[in-house]
Amino acid sequence: MSRRGSQSLPQRRLRAFSPQNVADDQLLPLAFARGHNSASDDASFVRLAFAGRFAPVAMRFTTRTRPLATKLAERTGLTGQAVRVCPRRLSALANVPAPPKITRPLQRPQQRQFHQPQHHQQHRFASTMRLTADNINPNVRRAEYAVRGELAVKSEDYRARLSKGDASLPFEQVISANIGNPQQLDQKPITFFRQVTSLLENPELLKNEDVLINGLGYKTDVIERAKWLLKQVGSVGAYSASTGVTAIKESIAKFLERRDGFPADPAHIYLSAGASSGVNTLLNVMCVDKSTGILIPIPQYPLYTATLALLNATCVPYNLDESKAWGTDLDTIKKSYEKATAEGIDVRCIVIINPGNPTGASLSEDDVRAVIDFANQKNLVIMADEVYQTNVFVGKFHSVKGVLRQMQKENPGKYDSMELASLHSISKGMVGECGHRGGYFELVGFDPEVEANVYKYVSIMLCAPVISQCLVELMVNPPKQGEPSYELYNKEYTGIHEGLRERATALHKAFCQMEGVECAEPQGAMYLFPTIRLPKKAVDAAAAEGRQPDELYAHQLLDATGICVIPGSGFGQADGTLHFRTTFLAPGTEWVGSIVKFHQEFMDKYR
């Protein structure tokens, strides 16, 4: 039971707003106000409470609603803490008549005692809590992560209702197209990977090889790989070295050499708990304070801006060129850099996401060369987020390291001082093992003392999960042609890749037929990022709710179809444009028709 006891929500709120000297009809609008802000709001907290007998509760406002909050305080006599109110209700609340003047001494009611679980016996009211939203780290409050924000929470609520047999919703399933989570959307694990990891988790199975081979269909190379990995790690339940298992780092180095045609040094490879952990490590080492600037592509994966907010560092945005299939535009990068440096920002790094998230763009070699050349001129570190490198449908993936090494070969000495950090992960591609949280990053050209501090930082985190390190090894060293598991591995890998391509093509075709929608041809990753042009009435309706127009669109899409997408405002977008990001991971194409039908009804509704 919660610490507020067994009262219903209206009862609790009515109790909180029922001082004897204020008429109930003045309080009802407040008592039943409810809701919460969008995840993309820049939230601040205003402490308010009735200047009478009351029970304190909490209220949250955003920068857009702060003026209305002030008006509400003036008209109702609130000072301390009060109810949580959503932006779209606040305008009405601000018009609540002022209460009559209080002439008698103020008294608080006795605190009501509730029956609670043992761990809540030390309950304290909000006014005596040591930690409040006002005094926690303001950088945490300021950070935003739209991918798992309000829409994602609502979609999970719908999923829970459906699982309990709720037939009142206008759809029968929730499609989580908001996040690149392949296996949640029925992408099957690679058999070779799961068979090997099953033996790593339970080595006792290796005592019955005949049963594994003849009864369970395990191939001999599965057993051999499991034995080899166990020899390297000892046990997946034990810590490894902080930078990862040496033999696994050597496998990664061999993979990088095959991919790029240039050698890699295992000593500069760091295993991580997914690429996100690597990004966090690198930005923590690079960023000093607000004066540190990092060039981030817009639209971008919100991990970057959220992490910079946590570090109180500065995002220096550079817009990708939608007219050129979301390619980089060097002039735009230069202008962003020059504007930031003119404002006193120490711009240290430029981030490349290739293939792109959320755009799905796959950068050409010329684009990569242009960024390397600019970074070299301005003495910038390059952070290359390359987790979608196998998700390429058009053209070829060009790794930043491969292009850099080629440029160094072509121009001896010119690019030798370049600093590059490149990242990869088991979460995406045809592997899709998001939940196992495995990845790595490679450092090229870093000062040894800086790299020593990178090592220190990862050491504080102890090590990446060892079972995930083993999955990284399987990803970079899969079965080879002629080996027993190769045929099945190749069939599964190719089938996943072609399935993604087919769904991306079907979704793109549907978008191109929808009124007011434009979408670049799918090139890579697992997302499309269409532009949407909405009627003015829809824009006005969104403003009335305190939302961005693409946010309103995404909420109504979820409510009508069960399909969860993320509005472009959660990733950043050029002024005056609207987008949403959707994955094309969900099986089948029937759900695409639901988007088309909803879009037509939405446009008709707001004409």
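Two strands pair if DSSP finds at least two bridges between them. By that criterion, β7 and β8 pair in the parallel sense, over 5 bridges. The model described here is predicted.

The protein chain has 607 residues, of which 51% count as buried. Its secondary structure comprises 21 helices and 16 strands. Contacts between residues at least 6 apart in sequence were also examined in the protein chain; 72% of them join residues at least 24 apart. The accessible surface of the chain comes to about 27800 Å². Carbon and sulfur atoms account for 51% of that surface.

An open sheet is formed by 7 strands. Their order is β4-β10-β9-β8-β7-β5-β6, and the pairing is mixed. The edges are β4 (269-272) and β6 (314-319), each of which pairs on one side only. On average, neighbouring strands of this sheet are turned by 20° against each other, direction ignored.

Strand β7 spans residues 346-353. In the sheet order it stands between β8 and β5. Of the 8 residues of β7, 6 are buried, so the strand is largely enclosed by the rest of the structure. On one side, β7 pairs with β5 (residues 292-298) in the parallel sense, over 4 bridges. Within this pairing, Ile294 has Cys349 of β7 as its bridge partner. The pairing of β7 with β8 is also parallel, with 5 bridges. Here Ile353 stands opposite Asp385 in β8.

The link between β7 and β8 includes a helix. Together, β7, helix α14 (residues 365-378) and β8 make a β-α-β unit. The unit is right-handed.

Strand β8 covers residues 381-385. Besides β7, its neighbour in the sheet order is β9. The strands β8 and β9 (residues 420-425) run parallel and are joined by 4 bridges. One residue pair across this boundary is Ala384 and Ser422, the latter in β9.

Toward the β4 edge, the order continues from β9 to β10 and then β4. Helix α17 (residues 466-476) lies across these three strands, β4, β9 and β10. Its direction is at about 70° to β10 (439-444).

Taken along the order, the sheet thus has parallel pairings of β5 with β7, of β7 with β8 and of β8 with β9. The pairing of the whole sheet is nonetheless mixed.

Terms used: Residues are numbered from 1 along each chain as its sequence is written. This is a predicted model: local features need pLDDT of at least 70, side-chain atom pairs count only at pLDDT 80 or more; totals for chains, interfaces and linings use all residues. Side-chain values use heavy atoms; hydrogens and water are left out. Helices (H or I, at least four residues) and strands (E, at least two) are DSSP runs, numbered from the N terminus. Axes are lines fitted to C-alpha atoms, for helices over the stretch in contact, and angles run from 0 to 180 degrees between N-to-C directions. Contact means heavy atoms within 4.5 Å. Buried means under 20% relative accessible area, exposed over 50%, partly exposed in between (1.4 Å probe, protein chains only). A crossover is right-handed if, with the strands pointing away from the viewer, the path from the first strand over the helix to the second runs clockwise. Accessible areas come from the Shrake-Rupley method with a 1.4 Å probe; for residues, only the protein chains shown count as cover.
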